[in-house]
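Below is a short report on one protein model. It covers a sheet, a surface patch, a loop residue and several salt bridges.

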Amino acid sequence: MASPAADSAVAGADIWNINSVESVALEYSRYNSSVTNYYAPDQYRASDHDPVVVGLNLPAAPETPATIDLNFLGINDFHGRIDTNTVLFAGTVEKLRAAAAPGATAFLSAGDNIGASLFASAVAKDQPTIDVLNALEVKASAVGNHEFDGGWADLRDRIAAGTRFPYLGANVYRKGTTDPVLPEFTVLEMNGIKVAVIGTVTEEVPTLVTPAGITELDFGDPVDAINRVAARIKADGLADVIIAENHDGAGSGTPEGGTLEQEVAAGGPFAKLVTETSADVDAIFTGHTHKEYAWDAPVPGVPGKTRPIVQTGNYGENIGQIQLTIDTATKRVTGYNAANVKRTTDAAAELIALYPRVAAVDDIVTKALAAAAEIGNEPVGRVTADITTAFTPATETTPAKRDDRAGESTLGNLVADSLVDALKAPDAGGAEIGVVNPGGLRNELYFAPDGTITYAEANSVLPFVNNLWTTSLTGAQFKTLLEQQWQTNPDGTVPSRPYQQLGLSKNVNYTYDAARPAGDRITSVRVNGAFMDPAKSYRIGTFSFLATGGDNFRIFKEGTGTEDSGLVDRDAWIKYLQEHNPVSPDFARRTVALVNSTAAELKRGDAMTLTVSKLDLTSLGSPVNRSLDAVFTDAAGTAAALGTVPVSGGAATVNLTVPAKVSPGAGTLTLTAVESGTVVKTAITVAASGPVRPVCTPPVPPTAWYDLAGWIRYAIAWTEYRNCLGANSQTPQSMLPAGAGGFSA
């Protein structure tokens, strides 16, 4: 009767003959079959069956080890990356899982699994991404801001309902309450250790998604929520180990040369996460800022102790790995290792053959790509060269990385131009200026292999499906909009992305001085070459997300005559690419840093001194500027070339003189970057008094009447002195020195 596995352990079997020697009276006398009832209802009662004795060769009970290692694998900001790299991403997860002990691994996410996705996922409402994460057996995920792109109802009823893992949001509350609408944490059983995973999301969600979709919700401080939940877990003995998954993170990371100490010194939400998260939390995974780091963070209140804090970058390019060593007696963490593991370069076929979960992912991806290709491979236009977001510079160990939201880009400016084109007609809103938020640009327009842009590639640039709106801002309000690029939350705190560079249509140029006080950093704004009128109303075309105050650009809420054009961003964008075929990158910057030390009013011959920087774009293919052509245009419109100024590292120090022959009044110094075409204009006021008066010093006559040579020199000097006075045509005679009326001996 033994199973095959049990049969292999059977050492022998026999009949235990214990019944044949007993009298039947010991069992059946209770039925009055004998004069005396010999039956005893105890463990020694008689039986009419002999038991079977089986011997088993069993291993000795395993000894409990002093410590065990748990393996936590993490991702953040995957953003629906369903493409040829998805199998490699899955293979990396499985290789790290296979290297750990059975049952010792938990695959987790810090949010933004979906939203801003590639076409193959976006066209199917991110179902392929959900299926991939289910196949890889994600155990829990923090909710990210992009999970709310379709609104709370879509997250609750479709997204979370379709996952085999819980979406956690300990700081997401029902409006007007502190009642969480999502699970706050989940508990995992991992080789005898109970692990709690707490999930939180950035408090800035209301500024990052369309407000209409989250009217039922409030978002609280994530650290306060983590600490509240961790205290409850410990008090109730619900878990031995606590992991925090927080969808917010540092503003920079190791590729940029940032350090944990610098990030903490900068303050803000990340500094609070590091310095105020409860010591009960053993490890922290972060996300949202798309940065890459694996730092040892001090544990507050426990001198000398650290814990790991990790973010993986984005798009599955790395897998974060935190290995915790647990004392099996005390159930406490005694050590850890933390790192980001690069996505494997192993052959996809080998990974598929080796790992069943990878094979399942491959099947999902193959079907998703095939379905998307029916629409996605249709050409919609061409590019003559790469048109991209701003890239962080490459280092000796890391390649250049896309999506530097603090940098102006060729792609952001092109999309802004497309907004004006789509909305310029009166019945579409009459847009004069296009404005684009950098976070709305989710992929690049690459030239390779032949410059063709497909529907899928165009869609991947603007995947959010926002409607295009127009609104009116005064010139003063538009300046405030530009000032709000230096970000603050409604309560005045600085968010994790302290600066966000807007893309602007090509008819807008401005200068700024970042060292000036907040609210006064924009030093000039020009529209169509003329200074923006603070009182005039300008019609702005943008996305519904921005028009409702998204990304902390709250001044948009004060816009007037706000209209929904009914156009969808993706459709208008693709139409623009079709009608402007091919499109080329414009490397001329529309914003330049300028520190002007020139006097408010100059005379002819006075110096114009200023420092210009941020002349070079960081989008791929951007030229390095080497020189500026300088031209001064006076109030009468007469232009005078002033030569060139050298540029190094995107900066130039300008020291030029006002030409001698210029009309007084408001003039303009124009600096044009030779390589990129960037134009910088500075207003220069030339005084009506004309040139600086020559300094005329009267000669001193010889002291001796007989000094013939001295008198000859004196006569020559006197002639030069009178010529000097004559050159100063505006010097009144009353200003001539005494004795200047003629020559005397």
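Is Arg 158 buried, partly exposed or exposed? The model is predicted, and in it Arg 158 has 29% relative accessibility. That value is partly exposed, because the class runs between the buried limit of under 20% and the exposed limit of over 50%.

**Salt bridges within helices**

Arg 158 pairs with Asp 154 in a salt bridge. Asp 154 is also partly exposed, at 22% relative accessibility. The two residues sit four apart in helix 6 (residues 152–159), so about one helical turn separates them. The whole structure holds 25 salt bridges. Three of them are listed here.

| Salt bridge | N to O distance |
|---|---|
| Glu 94 and Arg 97 | 2.9 Å |
| Arg 158 and Asp 154 | 2.8 Å |
| Lys 367 and Asp 363 | 3.3 Å |

Lys 367 and Asp 363 belong to helix 12 (residues 356–376), four residues apart, or about one turn of the helix. Lys 367 is exposed at 55% relative accessibility. Asp 363 is partly exposed, with 38%.

Salt bridges with shared partners also link Glu 94, Arg 97, Glu 137 and Arg 357 into one network. Glu 94 and Arg 97 are both buried. They are three residues apart in helix 3, about one helical turn.

**Sheet and helix 3**

Six strands form an open sheet in the order 6-5-4-3-15-16, with mixed pairing. Strand 6 (167–168) and strand 16 (332–342) are at the edges. Each has a single partner strand, so one side of each lacks a neighbour in the sheet. Strand 4 (residues 105–109) and strand 5 (residues 138–142) run parallel, paired over three bridges. Phe 107 stands opposite Val 138 of strand 5.

Helix 3 (residues 86–98) lies across strand 3 (67–75), strand 4, strand 15 (318–327) and strand 16. Its angle to strand 3 is about 175 degrees.

**Two loop residues**

Where does Thr 344 lie? Thr 344 is in the loop between strand 16 and helix 11 (348–354). Thr 344 is buried, at 9% relative accessibility. Beyond residues up to four places away in sequence, Thr 344 touches Leu 88, Gly 91, Thr 92, Lys 95 and Leu 351.

Leu 58 lies in the loop between strand 2 and strand 3. Leu 58 is exposed, with a relative accessible area of 62%. Together with Ile 15, Val 52, Val 54 and Leu 56, Leu 58 forms a nonpolar surface patch of about 500 Å² accessible area. Strand 2 (residues 52–56) contributes the most to this patch, with three residues.

Terms used:
Residues are numbered from 1 along each chain as its sequence is written. This is a predicted model: local features need pLDDT of at least 70, side-chain atom pairs count only at pLDDT 80 or more; totals for chains, interfaces and linings use all residues. Side-chain values use heavy atoms; hydrogens and water are left out. Two strands pair if DSSP finds at least two bridges between them. Contact means heavy atoms within 4.5 Å. Axes are lines fitted to C-alpha atoms, for helices over the stretch in contact, and angles run from 0 to 180 degrees between N-to-C directions. Patches are made of residues with over 30% relative accessible area and no salt bridge: like charges are joined within 9 Å, nonpolar side chains (Val, Leu, Ile, Met, Phe, Trp, Tyr) within 5 Å. Accessible areas come from the Shrake-Rupley method with a 1.4 Å probe; for residues, only the protein chains shown count as cover. A salt bridge is a side-chain nitrogen of Lys or Arg within 4 Å of a carboxyl oxygen of Asp or Glu. Buried means under 20% relative accessible area, exposed over 50%, partly exposed in between (1.4 Å probe, protein chains only).
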